[in-house]
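Student: I would like a close look at a single part of this structure, the sheet, and at what is packed around the strands. Please take it strand by strand and keep to what the model shows.

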Amino acid sequence: MKIIIASNNKGKIKEYKQLLKENGFDEVLSLNEARIKCEPEETGDTFEENAAIKARALHELSGCACIADDSGLVVDALDGEPGVYSARWLGIENDDEKNAEIIRRLEGVPGIKRTARFVCAISFIYENGEEITASGVCEGKIGCEPYGDNGFGYDPIFCVDGRTIAQMHDEEKNAISHRGRALRELADKLKQRSSIC
């Protein structure tokens, strides 16, 4: 089955291909590889709503099985920001600048109050339009400065068990990441569906 990912984010595509391959999907295409341009406006108030908006728009364009997610960082001391606006928070495009702004805003906040979580919601649509959703959460804390180069987005400032996500190998990251957990939940649901059919 051909699956198109509603993204051109290189870091995300790499994770998706790796995790989907582990779960039995071997033909996985990015938007660029599928030669499709699909950039619907993310008007949802939740990660789930935005994931569905993207998946449905891509399915309408392609007619293929599609997968889309919306994910982001929720920082408790920032009242949940950046949240659903993580990719476009404050209009800042550069990941390093976004990370620096979060660290600046948390200056003086003690470690015990720097709690945060990565959240991922996935929307999967079969060729026939049937939809399946899944979600995953990774709990952690915001560090005082960025570390590591094996990641993207907020990975260099998000700490789990004393290390940032960007300091972890791919296998370690996939085992605990919000996207990894959401994809494993999705894979379980897909297997359950195929065993019923």
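**The sheet and its surroundings**

Tutor: Strands β6 and β7 pair in the antiparallel sense over two bridges. Within this pairing, Val160 has Arg163 of β7 as its bridge partner. The model is a predicted one.

The two strands belong to an open sheet of seven strands with mixed pairing, in the order β2-β1-β3-β4-β5-β6-β7. The edges are taken by β2 (28–29) and β7 (163–164); each has a single partner strand, so one side of each is left without a neighbour in the sheet.

Inside the sheet, β3 deserves the longest look. Strand β3 covers residues 65–75, and eleven of its eleven residues are buried, so the strand is largely enclosed by the rest of the structure. Ala65, Ile67, Asp69, Ser71, Leu73 and Val75 point one way from β3, while Cys66, Ala68, Asp70, Gly72 and Val74 point the other way; all are buried. The neighbours of β3 pair with it in opposite senses: β1 (residues 3–5) is parallel to β3 over three bridges, whereas β4 (residues 115–125) runs antiparallel to β3 and is joined to it by ten bridges. For the register, Ile4 stands opposite Cys66 in the first of these pairings, and Ala68 stands opposite Ser123 of β4 in the second.

Next, the helix that precedes β3 in the chain. Helix α3 spans residues 47–62, and at 1.5 Å a residue its 16 residues should span 22 Å; the end C-alpha atoms are 23 Å apart, which agrees. Its buried residues are Phe47, Asn50, Ala51, Ala52, Lys54, Ala55, Leu58 and His59. The spacing in this list can be read against helix geometry. An α-helix has 3.6 residues a turn, so residues three or four places apart point the same way. The buried residues of α3 pack against the strands β1, β3 and β4 and against α2 (31–34). Just after α3, Gly63 takes a positive phi of about 75°.

Side-chain packing comes next. The largest nonpolar core has 20 residues, and those with the most contacts inside it are Tyr16, Ile67, Ile122, Phe124, Leu183, Leu186 and Leu190. At least two residues of this core come from each of β1, α1 (10–22), β3, β4, β5 (131–142) and α6 (178–196). Phe124 can serve as an example: leaving aside residues up to four places away in sequence, Phe124 touches Met1, Ile3, Ala65, Cys66, Ile67, Glu130, Glu131, Ile132, Leu186 and Leu190. A second core, separate from this one, has 17 residues, including Leu73, Val75, Ala116 and Ile165. Ile67 is thus in the largest core, while Leu73 and Val75 are in the second, and these three residues point one way from β3.

The aromatic rings can be treated in the same manner. There are two aromatic pairs. In one of them, the ring centres of Phe118 and Phe158 are 4.4 Å apart and the planes are at 45°, so the pair is tilted. The pair links distant parts of the chain, with Phe118 in strand β4 and Phe158 in strand β6 (residues 158–160), 40 residues apart. Both Phe118 and Phe158 are buried. In the other, Phe124 and Tyr126 have ring centres 4.9 Å apart and planes at 75°, so the pair is edge-to-face. Phe124 and Tyr126 are buried as well.

The cysteines remain. The structure holds zero disulfides. For Cys66, the closest cysteine sulfur is that of Cys64 at 6.3 Å, too far for a bond. Cys66 has 0% relative accessibility and therefore counts as buried. Cys120 is likewise in no disulfide, and its nearest cysteine sulfur, in Cys138, is 11 Å away. Cys120 also counts as buried, because its relative accessibility is 0%.

A last position lies outside the sheet. Glu22 is found in helix α1 and, at 54% relative accessibility, counts as exposed. The C-alpha atoms of Glu22 and Ala187 are separated by 9.7 Å, although the two residues are 165 residues apart along the chain.

Definitions and conventions: Residues numbered from 1 in each chain as written. Predicted model: local features only at pLDDT ≥ 70, side-chain atom pairs only at ≥ 80, totals over all residues. Heavy atoms only, no water. Buried < 20%, exposed > 50% of the residue type's maximum accessible area, 1.4 Å probe, protein only. Helix = DSSP H or I, 4+ residues; strand = E, 2+ residues; numbered from the N terminus. Pairing = 2+ DSSP bridges. Expected span 1.5 Å × (residues − 1). Contact = heavy atoms within 4.5 Å. Phe/Tyr/Trp six-rings, centres within 6.5 Å; stacked < 30°, edge-to-face > 60°. Core = buried A, V, L, I, M, F, W, Y, C linked by side-chain atoms within 4.5 Å. Disulfide = S-S within 2.5 Å.
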